[in-house]
Amino acid sequence: MKSRIESLKSQALTALKAAKSEAEVRDLEVKYLGRNGAFNEIMKSLKDLSDDEKRTVGKLANETKSELETAILKKYSELEMAAFDVIAEKEWIDVTVPGVKPSVGHRHLISKFIDDLEVVFGRMGFAVAEGPDIEQEHYNFNQLNMPEDHPSRDMQDTFWVKNLKRVALRSQTSPVQIRYMEAHEPPVRIISMGKTFRRDNDATHSPMFHQIEGLMVDTDISIANLKAVLTHFLQQVFEDPSIKTRFRTSYFPFVEPGMEVDCTCPICHGEGKLSDGVPCKLCKQCGWLEIGGAGMVHPKVLENVGYDSKKYTGFAFGFGIDRMIMIKYRINHLRLFFENDLRFITQF
Ligand SMILES: [Zn+2]
């Protein structure tokens with residue numbers, strides 16, 4: 001029996017030495033020390049021995065078993081250390097190498113520009129008002145002095161919503177003025193910015209574009225206030241304090257008088273040519289850029305929302321946000337705003 005134990009021990013130790021993986025060690029553990037393993041068999045057979053033999057053989061068996069247990073644990077830890085060595089060799093990191101900056105996205109140029117506009121007008125005391133992109137005819141036209149069959153409706157080729165009566169994608173941000181005035185008493189000082197929709201599509205017109213709308217209503221509001229606000233606004237937006245504005249009479253149904261607003265070209269500063277004498281392409285050498293529409297709020301519009309048009313006057317303006325961005329950053333096609341080409345987007 002003793003020699004059986006000795007031979008099991010040397011077998012086990014040899015096999016253990018040769019083992020190359022944790023799985024092999026585990027197999028050996030089961031084979032020798034498991035419930036049905038070799039040593040348990042020996043323990044079971046002790047009962048057939050004399051008391052004397054039981055004592056000596058039992059003791060030897062127990063000692064050998066614990067010796068093997070220790071050897072197995074040692075082997076496990078050796079294998080583990082070896083595995084760490086492999087990892088350390090394969091996956092070592094040189095902490096002195098400069099890191100690679102993870103690329104992080106950022107807000108779109110248009111969204112950032114809209115934030116800038118909010119700041120510029122916020123400083124002048126204008127609050128931001130919002131309205132829905134899908135608008136009722138009532139707000140988009142009727143209340144803005146453009147009743148049904150009014151010829152001015154043809155000025156804007158509108159997307160009407162199919163199967164919904166008198167609902168359209170808003171063709172301007174002006175309906176927000178109406179919604180705001182219906183809910184608030186004067187004085188009013190708001191801007192509204194957002195998407196507008198018309199059936200247009202070329203280099204400078206897109207079926208979806210962004211507008212900023214402004215409205216100021218109070219007692220004694222005049223064109224002088226309008227000019228001051230717009231001039232300051234354009235100087236801030238184009239970061240050019242030399243910018244001047246001029247008004248040309250025009251027609252919009254919801255203002256009287258109505259005006260086109262021009263500003264001096266921020267590229268050539270109204271000179272029509274650059275400092276080195278090269279003709280300015282942006283303003284086609286005229287020194288002025290058409291930038292939007294404005295006017296004094298039509299008394300009818302004020303009356304439509306229940307304001308006393310004898311007591312209150314106001315101005316309103318609507319500018320294309322995309323166009324201002326194109327001018328400021330000299331972008332030549334609207335398409336670039338919407339294609340999401342990273343080569344373009346990451347420049348801003
Ligand atoms: Zn110019």
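The following exercises, each with a worked solution, concern the fold of a predicted model.

Residues are numbered from 1 along each chain as its sequence is written. Because the model is predicted, local features need pLDDT of at least 70 and side-chain atom pairs count only at pLDDT 80 or more, while totals for chains, interfaces and linings use all residues.

**Exercise 1. Overall form**

Determine how the radius of gyration of the protein chain stands against that of a compact globule, and how far apart the centres of its domains lie.

Solution.
- Step 1. The radius of gyration is taken over C-alpha atoms, and the globule rule is 2.2 Å times the number of residues to the power 0.38. For 348 residues a compact globule would have a value near 20 Å, whereas the protein chain has 42 Å.
- Step 2. Along the principal axes, the C-alpha atoms fill a box of roughly 125 × 55 × 35 Å.
- Step 3. The domain assignment gives domain 1 (2-90) and domain 2 (109-345); such bounds come from an automatic or database domain assignment. The C-alpha centres of domain 1 and domain 2 are 87 Å apart.

**Exercise 2. The sheet**

State the strand order of the open sheet and identify its edge strands.

Solution.
- Step 1. Helices (H or I, at least four residues) and strands (E, at least two) are DSSP runs numbered from the N terminus. The protein chain has twelve helices and nine strands.
- Step 2. Two strands pair if DSSP finds at least two bridges between them. Seven strands form an open sheet in the order β1-β4-β5-β9-β8-β7-β6, with mixed pairing. Its edge strands, β1 (127-128) and β6 (245-250), each pair on one side only.
- Step 3. β6 runs antiparallel to β7 (residues 255-264), and six bridges join them. In this pair, S250 stands opposite G258 in β7.

**Exercise 3. Strand β5 and its surroundings**

Describe the pairing of β5 with β4 and β9, and explain why β5 is largely enclosed.

Solution.
- Step 1. Ten bridges link β4 and β5 in the antiparallel sense, with F197 opposite M208 in β5.
- Step 2. β5 also pairs with β9 (residues 313-320), again antiparallel, over eight bridges. Here V217 stands opposite G314 in β9.
- Step 3. A residue is buried if 20 or more other C-beta atoms, placed from the backbone, lie within 10 Å of its own, exposed if 12 or fewer, and partly exposed in between. Nine of the eleven residues of β5 are buried, so the strand is largely enclosed by the rest of the structure. In the protein chain, buried residues make up 30% of the 348 residues.

**Exercise 4. Unusual backbone geometry**

Locate the cis peptide bonds that precede P187 and P257, and explain why D149 and N340 count as exposed.

Solution.
- Step 1. The bond from P186 to P187 is cis, with omega near 5 degrees; P187 lies in the loop between α7 (175-183) and β4.
- Step 2. The bond from E256 to P257 is cis, with omega near -5 degrees, and P257 is placed in strand β7.
- Step 3. D149, although not a glycine, has a positive phi of about 70 degrees. D149 sits in the loop between α6 (137-140) and β3 (167-169) and counts as exposed because it has 6 C-beta neighbours inside 10 Å.
- Step 4. N340 is likewise not a glycine and has a positive phi of about 60 degrees. N340 occupies the loop between α11 (335-339) and α12 (342-345); with 9 C-beta neighbours inside 10 Å, N340 therefore counts as exposed.
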